[in-house]
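The following exercises concern one protein model and are accompanied by worked solutions. Please examine the sequence and the structure before reading on.

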Amino acid sequence: MSTYRLQSIFRPTSVAVVGSRSRPRSVGRAVINNLLEAGFAGPIGLVNLHPATIDGVTTAKRLRDLPWKPDLVVIATPPATVPGIAREAAECGAGAVAVLTAAMGSGPDSPAAQLEAIAREKGLRVLGPNCLGVIAPHVHLNASLAGRLPSAGDLALISQSGAISGGLVEWSVGRSIGFSAVVSLGDALDVDFADLLDYFATDHRTRAILLYVEAIKDARKFMSAARAAARTKPVVVVKSGQVAAAAARSAADSTHVQHLAHPRAVYDAAFRRAGLLQVRSLDELFSAAETLGRLRAFPGRRLAILTNGGGVGALSVDRLHELGGTLAALSDGTRDRLDAMLPAGWSRSNPVDLLTDIDAERYAATIEALLDDPENDALLAVNVPTVLSSAVETAEAMTRLLRARPAHGPRKPVFAVWLGHDPAAAEVLDAARIPNYPTESDAVGGFMHLVRYREAQAALMETPPSLPEDFVVDTDAVRALVEQALRDGQHWLDPLATAHVLAAYGIPVAPLQRARDPDDAARVAEPLLAQGLAVAVKILSPDIPHKSDIDGVRLNLVSAGAVREAAAGILQRARAARPDARIGGVLVQPTLLRPKARELIAGIADDEVFGPVIVFGRGGTAVDVIDDKALALPPLDLRLAHELIGRTRVSRVLKAYRDVPAADERAIALVLVKLAQLAADIPEIRQLDINPLLADRDGVIAVDARIAVAPGRKLHKGRGHPRFAIFPYPKAWERTITLADGSDAFVRPVRPEDDAMFREFFTHVTDEDLRLRFFQSVRHFSHEFIARLTQIDYARSMALVALDPVSGQMLGAVRLHADANYDRGEYGILVRSDLKGHGIGWRLMRIMIEYARWLGLKVIEGQVLRDNRTMLAMCEQLGFRIRADPDEPTLMDVELPIDGRMESDAG
C-alpha cells in the first residue's frame, strides 16, 4: 500500500491509546506519559475498561465513546483482543494503528492473520505488531515506549528492532543528533521498509534515512523503494544476523556457487545494487549520516593529506589503502608553490608533512594550495596539538580561508582531525560545518563514505537492458531441455544437457562424451588420442556433486590403456565411497592445454529472499577455502559485469604480468551477462556452476559445469520475472505511434539519463499547465524533483515519454504508479503546451491503460483539478468515472476499472 495513510502515523491529528490496564507502570500509561511529555498538540485519549483520570487526556471505555475521531490508535492489549480493537478503530475513522502487543501468532486463525485481514478490508495501516511505536519530534509526537524524546532533526531512523530503536534514541541524545522520525517496524504485518522508504524519500524534513535491517520479506518491493529513495537522498543501512545465517545455510548447499552465495554476501550485493551505503556498526551508521549531511558528493577518490605530524599522516595512508581509496599525487606546480612558502624539511610529497612548528596562517595557505591542485579530489587536514601552535587559531585560519574561496564552481570537500580534546576548536569547525573526527581512521572512513555514496549514485543511473545487443541465444532449445528434465523428475541436468545449455547461450564449453564402462571409455578416447590430445576422465553421477570428493577425476591420459585403467579406478572408488549413488559411467573429454589460463568460477545461485544471484570469483578445487568472490543481482549489462569482476582479488591476475598476457576480460564479462540472461529466460534454473572457467588472452572456456532445476515458484507479486528482485529496462514497451496530423512519435520508458531532456521539456510548458499537472506553481526544478520523474524502478512504476524521432525532443509523458498489492495505480500525464491537439495525450493514455492491464491492476485512479476541463473531458471519453473529491472541493476524483474490453490503438 506504499505511503497510503502514513501521515496518520507520522502527522496524526489525534492519538488514542488502548491499554488493558491504566495503572502507572502499564504499557498504555507509559505511552500516554510520553505523549504528554513530548507536548503533542492534538487530542489524546486513553481507552480502558477502568480508565483513570489523567490531566489533559480524554478517557473512555471504548474508542467509539471518544468525543473526537482518533487518527492514530496505539494498541497495547492481549493478542486476542487486538483484531477487534483494530476493526473498531477503522470504523471510528482511524487511519492507522500502532500495535505494541507481541506474540500475535501466525497461521490462518491467528490474531495476526485476523488483524491483517481487517487492515486490508478497511484500508487501515498497521505498524507492528511487536513494535516500539513511533516518534516524530517535529510534531512533538512520542507514541512509543522509548525512554526519551530525541531532538528534532533531519535523520529518519527505520529499525526492525524496538530495542535498537530505543537504544539509538538514548545514544543520540548525548551526541546532539536529531531525527525527523524514529519508527520501529516490529513484525511488519503491513507497514514495512519499502513503505517507509517511499514516505521518507519525499519528506522535506528528512535529509538522510538510516536503516537497521534484520531480514527483508519482500525483496522486489524493498529494492524498488530503496533504489528510488537512494536516488534522492542518502540511505545508510546496517544489517545484523548475517554470520549465523550463513553458517546455518552453507551445509545444505549443493554447488560451489551456492556455497559462496551465503546470505550476508547476497544482502551486500542487494544493498550495493540499490545504491545504499552499507556500514558494519551502529556507531558507523551515524558517522556516515553526519558526513553525508555536511558534505556534497564529489567526483573521484584521490585524497590529499595535510598534517603537522608525520606518524598520523602515515596512519592515514594505511587506512586509505585498506578501505580502497587512492592517495593523490602532488603536482609539480603545487610542490613549487609549497617550496616557496614552507620551511625546508617539509615532506615534498603526499602526505604533506608541515613539521611541528608551523603557524596557523601557513597551515591555511597550504590548504589553499592543495585545494587548487587538480591532482586531488578531497583534502584531509590533520592538526596535532603542540606548544608551538594554537589548535583554535589554526581552525579559525582554515575556516576563514574556506569562507573566502569563491562560492561558484566545484568545491572540494575538507575533512578535519584536530587531535586532542579541544572544545573551542571543535566549536569553530562545527560552526563552519566542517566535518571533524576524533581520529584519522574515522576521517578517512568519512571520506570513503562519500566516495562509495557517489559511486552508488552513478551505478543507479545505469539501466541494464533486457538483452545484450551482441549475442543471440537459443532460449527455446534450453527451455525444452529443462522442461523434459522436470517431467523426468530430474533435479540436475545431465552433463551433456548442461553442455547444450551453455552452448545455446554462446558460452564456450569443452567437448565431452559419455562412456558406459572402462572399455567404452577407451573406445571413445581413441579418436582424441589419435590427434595427439591428452584425455581427461571424470565420474558421471547426479548424486556426486563434487567429483574430487571421491577422487573422481583423472587428467592428462595419453593412451587407451591409461584411459581404461583410470575409468575402472574411478568407478570402483565411486561405488565404494557412495554405494547408494546412481552412477551413469564416466565422461571423456580432451585435456585442455592452456598453461597461462586463470581458473575462475561463475554461475547462478538461488537465494530464498532475492532469487537468482550471479556469482564470480577465483575457481578451482580450493574455491571454498579461498573464498574470493563477488555477487550481483541480475539483470546485468557489461558495465555491471566488469564492476563485478573488479570487486574480486582474482581480477588483479587477469591483467598482464611477467610473461603472462592479459586475459580477455570482456569475454569473462560477457559470460556473466549471458548467465544473467539465462536466469531471466529460464526461471526453473536454480543453480548453475561453471568451475573451472578457464580464461586467457584467447577467451574463455567452461571445463566443468552443473545445472540444478526445479519447478517455478514465484517470489514476488506482480508481472515480470517471477523470481527477479529487480526489473530490467522494459524494452518491450518501446513503440512508434501515429499522431493526429499523420506524423510519427517514438514512445519508450523513461530512463535515468533523461534529466536534461525533462528540463528542456519544461521550458515548453506554461505555468498554468504546470499548475494543472502538479496542483501548484512550479518555478524551480530541483534535482530531487527531476529525479522523481526520471529515476524510477520498473517494478511498480512506469513512465513513458513520447519523442520526436528526428530531433529527439520530448513531446509528452505519462506515468503510472501501482500500489504494493498491484490492485490500484495512480496516473499522471503532461504534454507540451504548444503541441496540444496533436493527440499525444490521448495516445499516451491508451498505452498507459494497456500497461495497467498487463500489470494486472484492477483500477486506475487519479485526481484532476476541477478547472482542468481538457483532462476531465479526455477521462470521460476514455471511460473514467468522475466525481467530486469529498475532502477537497477544488479536486475531482477519476477512476477507471480495468477490464478486457479496450484494445490499444498505439500502433
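**Exercise 1.** Which residues does threonine 366 touch, not counting residues up to four places away in sequence?

Solution. The model is a predicted one. Begin by locating the residue: threonine 366 lies in helix 14, which spans residues 360-372. Next, list its partners: Leu306, Leu338, Met341, Leu342, Val352 and Leu354. Finally, consider accessibility. The relative accessible area of threonine 366 is 0%, so the residue is buried, the cut-off being under 20%.

**Exercise 2.** Determine whether serine 159 is buried or exposed, and describe its surroundings.

Solution. Serine 159 belongs to strand 9 (residues 152-159). Its relative accessible area is 0%, and therefore serine 159 is buried. With neighbours within four places in sequence left aside, its contacts are Ile164, Ser165, Val183, Ser184, Leu185 and Tyr212. By contrast, consider leucine 330: 171 residues separate it from serine 159 along the chain, and the two C-alpha atoms are 44 Å apart.

**Exercise 3.** Describe how helix 20 and helix 21 pack.

Solution. Two packed helices are described by the angle between their axes and the distance between the axes. For helix 20 (residues 518-530) and helix 21 (residues 560-577), the angle is about 140° and the axes are 8 Å apart. Helix 20 is therefore oblique to helix 21. Their crossing is right-handed. Helix 20 contributes Pro518, Asp519, Ala521, Ala522, Ala525, Glu526 and Leu529 to the contact, while helix 21 contributes Ala560, Val563, Arg564, Ala567, Ala568 and Leu571. Sorted by class, this contact comprises ten nonpolar, no polar and three charged residues.

Key
Residues numbered from 1 in each chain as written. Predicted model: local features only at pLDDT ≥ 70, side-chain atom pairs only at ≥ 80, totals over all residues. Heavy atoms only, no water. Axes fitted to C-alpha atoms, helices over the stretch in contact; angles between N-to-C directions. Helix = DSSP H or I, 4+ residues; strand = E, 2+ residues; numbered from the N terminus. Parallel < 35°, antiparallel > 145°, perpendicular 65-115°, else oblique. Left-handed = near helix turned anticlockwise from the far one by under 90°. Contact = heavy atoms within 4.5 Å. Nonpolar A, V, L, I, M, F, W, Y, C, P; charged D, E, K, R; others polar. Buried < 20%, exposed > 50% of the residue type's maximum accessible area, 1.4 Å probe, protein only.
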